[in-house]
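Trainee: I've just opened this one and could use a walk through it. Can we take it piece by piece?

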Amino acid sequence: MSDPLIGGSRTPATRKRSSGSKMAGCLRLLCDCGLRGVWRAGQLPNHLNRRTFYGCPHSKAICNLVWLRREISQWPCSSKIFTTAAAKSGEDAALKWGLLAIPVATFCLGTWQVQRRKWKLKLIADLEARVAAQPVPLPLDLLELKELEYRPVRVRGYFDHTKELYILPRSLIDSEKETRVAGQLMSNPESGGNVITPFYCTDLGITILVNRGFVPRKKMKPETRLKGQIREEIALTGVVRLSETRKPFVPENNVEQNRWYYRDLEAMARVTGAEPIFIDADYKSTVPGGPIGGQTRVTLRNEHMQYIITWYGLCAATSYLWYKKFIQKVPL
């Protein structure tokens, strides 16, 4: 029997089997290359669809299949690279605009502090103008008094020293001394308290509460300052003050021990039998040996300039870093 592969005589059945086996081999190569989804009518190369008398040209089919396999094997890699690049580009864009929010936010905060500083300066100026205004008679209407806080008022009457109250701890308010020591790292304010004394107003027929001023701790007891205990009727000028709420970390008022830490006008009025009307006596009311008047602090905390410098400084620094990183592409 002659070998059909060497060139002997071939029967039709032999030619059919040889052609079929070669075509099966081509199909297996296609499957191995992952071309199941590609093998559709009209998508294979012409030399793979063309059949000859001897069947599929084996060597030519293999060459083309290797080429197809190489091309197709590169498609997933290229797609993966493109997807990775797109994801990285999206992450860079999100990081870029996300970090830009930092200088924008700090700039807005700095601008807000500028407006706050203007408001605070205007408030301080209004308070100073109120304190420097001409004294007016003390009104009896409590609602009207609420509109007169920090305004000077005139009263006439006498003190009841038997019902003194003590707000402590307090330090002496001395505007001239505070100006001298301003900017010093340390100061030694004298510790003591403020003496609150009921004052009967003869022209109004009511008793009010008057902050006579500061006394050092060693002269808190009335018998240590008998010379300053005024008995006669006097005219007095003071600044209207309203009740205040207890601040955090401030102790509760101890009524039994007569130790007050904040102005609670309702409680003070109940203890002394006076009206819930409170004034700070001015410095001119000071008598030798008695409390030092003028203990009204009208300055408000104003640290907005520090906040402005801080926020604008952060805005400038973060803006510079953002520009170097995302505009000039300088690695940081």
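Trainee: What share of the area that the protein chain exposes do carbon and sulfur atoms supply?
Mentor: Keep in mind that this is a predicted model. The protein chain exposes about 21700 Å². Carbon and sulfur atoms supply part of that area, namely 59%.

Trainee: And how much of the protein chain counts as buried?
Mentor: Buried here means under 20% relative accessible area. The protein chain has 332 residues, built up with seven helices and seven strands. The share of residues that count as buried is 31%.

Trainee: Why is strand β4 described as largely enclosed by the rest of the structure?
Mentor: Strand β4 covers residues 191-201, 11 residues in total. It is largely enclosed because the number of them that are buried is nine.

Trainee: Which strand pairs with β4 over 10 bridges?
Mentor: Let's go through the partners. β2 (residues 152-159) pairs with β4 in the antiparallel sense over three bridges, with F159 matched to F199. β3 (residues 165-171) is also antiparallel to β4, joined by five bridges, and Y166 stands opposite V195 there. The strand with 10 bridges to β4, again antiparallel, is β5.

Trainee: Which residue in the turn of the β4 and β5 hairpin has a positive phi?
Mentor: Four residues sit between the two strands of that hairpin. The positive phi is about 75 degrees, and it belongs to G205.

Trainee: Which backbone oxygen does the side chain of S285 reach?
Mentor: S285 is in the loop between β7 (278-281) and α7 (304-327). Beyond its neighbours within four places in sequence, S285 contacts L236 and G293. At 2.6 Å, its side chain reaches the backbone oxygen of D282.

Technical notes: Residues are numbered from 1 along each chain as its sequence is written. This is a predicted model: local features need pLDDT of at least 70, side-chain atom pairs count only at pLDDT 80 or more; totals for chains, interfaces and linings use all residues. Side-chain values use heavy atoms; hydrogens and water are left out. A polar contact is a pair of N or O atoms within 3.5 Å; within protein, one must be able to donate a hydrogen and the other to accept it, and residues adjacent in sequence count only if both atoms are side-chain atoms. Contact means heavy atoms within 4.5 Å. Buried means under 20% relative accessible area, exposed over 50%, partly exposed in between (1.4 Å probe, protein chains only). Accessible areas come from the Shrake-Rupley method with a 1.4 Å probe; for residues, only the protein chains shown count as cover. Two strands pair if DSSP finds at least two bridges between them.
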